[in-house]
Amino acid sequence: MDKNNIETVGDNHIATSVDTPLRKNAFLKSDDEKISAIQHHFKKIMEELGLDITDDSLSGTPYRVAKMYVKELFYGLDPKNKPKLSVFENKYAYNKMLVEQNITIDSSCEHHFLPITGFAHIAYVPKDKVIGLSKINRLVDYYAHRPQVQERLSLQILKDLQNTLETQDVIVMVTAKHLCVSSRGIKDKNSFTTTIEYGGCFTNEQTRNDFLKIIEKTTV
Ligand SMILES: [Zn+2]
């Protein structure tokens, strides 16, 4: 891709697929092997920027960044870190909307590797299965912790919940600020982005409006 195209893809935040693009050999190396390789490469980046890596304050940065990438910011790339989503029989036959709102989004933009922060609001109408509430938060956290595009993040959460809960009746709304929009490029500090993905009964406008009414007081 030429440099103009690279900038265009970044500034328009274009995603190419619902699945995160991963190499076939993505998980052949252990976490420790990845940390030591990234440490080596990040040190080179710092040196290219002209930093004196022997300075006491800087010398540990390559390791800190490498560990942060593998173990924290991007732990959600590795399927072995996916939370166990145990579901239960819907014994009370609860069949109305259940809303889990203000779920923290801590993610990173895959085009600039800068933070995306905000909230997810999720609702579903149970059929035979229900899920522990904190599991929804854990699932959001997992998909957020990989290089992301907001539209894809919303879709990945939606599809996983639809599969797990064995119903299409799920809605996922994400409202977030992108540091790559506020701190570089257009440098707009106030704008934020909302994405909304849904299926089943939420294709009905009234049902969708019921959900929106519940969450309308939320701000980022
Ligand atoms: Zn970006």
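**Note on the predicted model: domains, sheet and core**

1. The domain assignment splits the chain into domain 1, residues 27-73, and domain 2, residues 87-215. Their C-alpha centres are 32 Å apart. The coordinates are a predicted model, and the points below should be read as a description of that model.

2. Overall make-up. The chain holds 7 helices and 7 strands. Read from the N terminus, the order of elements is α-α-α-β-β-β-β-α-β-α-β-α-β-α. The C-alpha trace spans about 65 × 40 × 35 Å along its principal axes. Of the 220 residues, 25% count as buried. When contacts between residues at least 6 apart in sequence are considered, 72% of them join residues at least 24 apart.

3. The sheet. Five strands form an open sheet in the order 5-2-3-6-7, and the pairing is mixed. The edges are taken by strand 5 and by strand 7 (193-198); each has a single partner strand, so one side of each has no neighbour in the sheet. Helix 7 (residues 205-215) packs on this sheet and touches strand 2, strand 3, strand 6 and strand 7, with its direction at about 75° to that of strand 2.

4. Strand pairs. Strand 2 and strand 3 run antiparallel and are joined by 9 bridges. Within that pair, Ile103 has Ala120 of strand 3 as its bridge partner. Strand 3 also pairs with strand 6, in the antiparallel sense and over 9 bridges; here Ile122 is matched with Val172 of strand 6. Strand 6 then pairs with strand 7, again in the antiparallel sense, over 6 bridges. Val172 has Glu197 as its bridge partner in strand 7. Val172 can thus be followed from Ile122 across to Glu197.

5. Strand 6 and Thr175. How much of strand 6 is buried? The strand is mostly covered, with 8 of its 9 residues buried. Thr175 lies in this strand, which covers residues 170-178. Thr175 counts as buried because it has 20 C-beta neighbours inside 10 Å, and the cut-off for that class is 20 or more. In sequence Thr175 and Ala120 are 55 residues apart, yet their C-alpha atoms are 6.4 Å apart in space.

6. The core. Which residues have the most contacts inside the largest nonpolar core? They are Ala120, Val140, Ile157, Val170, Ile171 and Val172, in a core of 31 residues. Two or more residues come from each of strand 2 (98-109), strand 3 (115-124), helix 4 (133-144), helix 5 (150-165), strand 6 and helix 6 (179-182). Leaving aside residues up to four places away in sequence, Val170 touches Tyr124, Leu158, Leu161, Gln162, Leu165, Tyr198, Gly199 and Gly200.

7. Helix 4. This helix has 12 residues and reaches 17 Å from first to last C-alpha, close to the 16 Å expected at 1.5 Å a residue. Its buried residues are Ile136, Leu139, Val140, Tyr142, Tyr143 and Ala144. The cover over those residues includes strand 2, strand 3, strand 4 (129-131), strand 5 (147-148) and helix 5. One of the buried residues, Val140, is also among those with the most contacts inside the core.

8. Helix 5. This helix has 16 residues, and its first and last C-alpha atoms are 23 Å apart, close to the expected 22 Å. Its buried residues are Gln150, Arg152, Leu153, Ser154, Gln156, Ile157, Leu158, Leu161 and Leu165. Of these, Leu158, Leu161 and Leu165 are among the residues that Val170 touches. Ile157 is listed with the residues that have the most contacts inside the core.

9. Positive phi at Glu166. Glu166 comes just after helix 5, in the loop between helix 5 and strand 6. Its phi is near 55°, a positive value in a residue other than glycine. Is Glu166 buried or exposed? Glu166 counts as exposed because it has 11 C-beta neighbours inside 10 Å, where exposed is set at 12 or fewer.

10. Positive phi at Ala93. Ala93 has a positive phi of about 55° although it is not a glycine. Its place is in the loop between strand 1 (87-89) and strand 2. Ala93 is exposed, with 9 other C-beta atoms within 10 Å.

Conventions
Residues are numbered from 1 along each chain as its sequence is written. This is a predicted model: local features need pLDDT of at least 70, side-chain atom pairs count only at pLDDT 80 or more; totals for chains, interfaces and linings use all residues. Helices (H or I, at least four residues) and strands (E, at least two) are DSSP runs, numbered from the N terminus. A nonpolar core is a set of buried Ala, Val, Leu, Ile, Met, Phe, Trp, Tyr and Cys residues joined through C-beta atoms within 7 Å. Two residues are in contact if their C-beta atoms, placed from the backbone, lie within 7 Å. Domain bounds come from an automatic or database domain assignment. The expected span of a helix is 1.5 Å times one less than its number of residues. Two strands pair if DSSP finds at least two bridges between them. Axes are lines fitted to C-alpha atoms, for helices over the stretch in contact, and angles run from 0 to 180 degrees between N-to-C directions.
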